[in-house]
Amino acid sequence: MLKAKILFVGPCESGKTVLANFLTESSDIPSHLKEIEMWYSCFVQQQFLQDTQCLLIAHHKPGSGSGKGALSLSPPLNKLKLVHSNLENDPEEIRMEFIKYLKSIINSVSESRDREEMSIIT
């Protein structure tokens, strides 16, 4: 079998990836999902993080619509908190979701620290 590397060049956002995916009969979403699964495996599972410590943001480029349709995630990604982001339609929604996420992490760390201090005392 003949192997070849093809180089797509052009400015940012000019459609290089879309064209490459089309020509290879790939799609951007399955490749993104595989990459997310790899990141989850490397950083969440291997570090023994809890799913509640994770926030999955599905960002949609301006002009692409809200994108709040069903996104089929495979396990274990389907257990993560999923937020759809579109800075064109509702920029403050993602800010509020991120603040809620940070507050939950701070609460979790604080509760963990309190439990650890109590175990030392008793």
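Let's start at Phe-98 in this predicted model: its relative accessible area is 39%, so Phe-98 counts as partly exposed. Phe-98 has an aromatic partner, Tyr-101, and the two rings form a tilted pair, with 6.0 Å from centre to centre and 40 degrees between the planes. Both residues sit in helix α3, which spans residues 91-121, and they are three residues apart, about one turn of the helix.

From Tyr-101 we can step across to Cys-54. Leaving aside residues up to four places away in sequence, Cys-54 touches Tyr-101, Val-44, Leu-80 and Lys-81. Two of these neighbours, Val-44 and Leu-80, belong with Cys-54 to the largest nonpolar core. That core has eight residues in all, the others being Leu-33, Tyr-40, Leu-56, Leu-73 and Leu-77. Its largest share, three residues, comes from helix α2, residues 28-45. Such a grouping fits a familiar pattern: in soluble globular proteins, nonpolar side chains tend to be buried together.

Helix α2 deserves a second look, as it also holds Trp-39 and Phe-43, four residues apart and about one turn of the helix from each other. How many aromatic pairs does a search of the whole structure find? The count is two. In the pair from helix α2, the ring centres of Trp-39 and Phe-43 are 5.1 Å apart and the planes meet at 15 degrees; because planes under 30 degrees apart count as stacked, this pair is stacked. Trp-39 is partly exposed, with a relative accessible area of 43%, and Phe-43 is likewise partly exposed, at 47%.

Key: Residues are numbered from 1 along each chain as its sequence is written. This is a predicted model: local features need pLDDT of at least 70, side-chain atom pairs count only at pLDDT 80 or more; totals for chains, interfaces and linings use all residues. Side-chain values use heavy atoms; hydrogens and water are left out. A nonpolar core is a set of buried Ala, Val, Leu, Ile, Met, Phe, Trp, Tyr and Cys residues joined through side-chain atoms within 4.5 Å. Buried means under 20% relative accessible area, exposed over 50%, partly exposed in between (1.4 Å probe, protein chains only). Helices (H or I, at least four residues) and strands (E, at least two) are DSSP runs, numbered from the N terminus. Contact means heavy atoms within 4.5 Å. Rings of Phe, Tyr and Trp (its six-membered ring) pair if their centres lie within 6.5 Å; planes under 30 degrees apart count as stacked, over 60 as edge-to-face and the rest as tilted.
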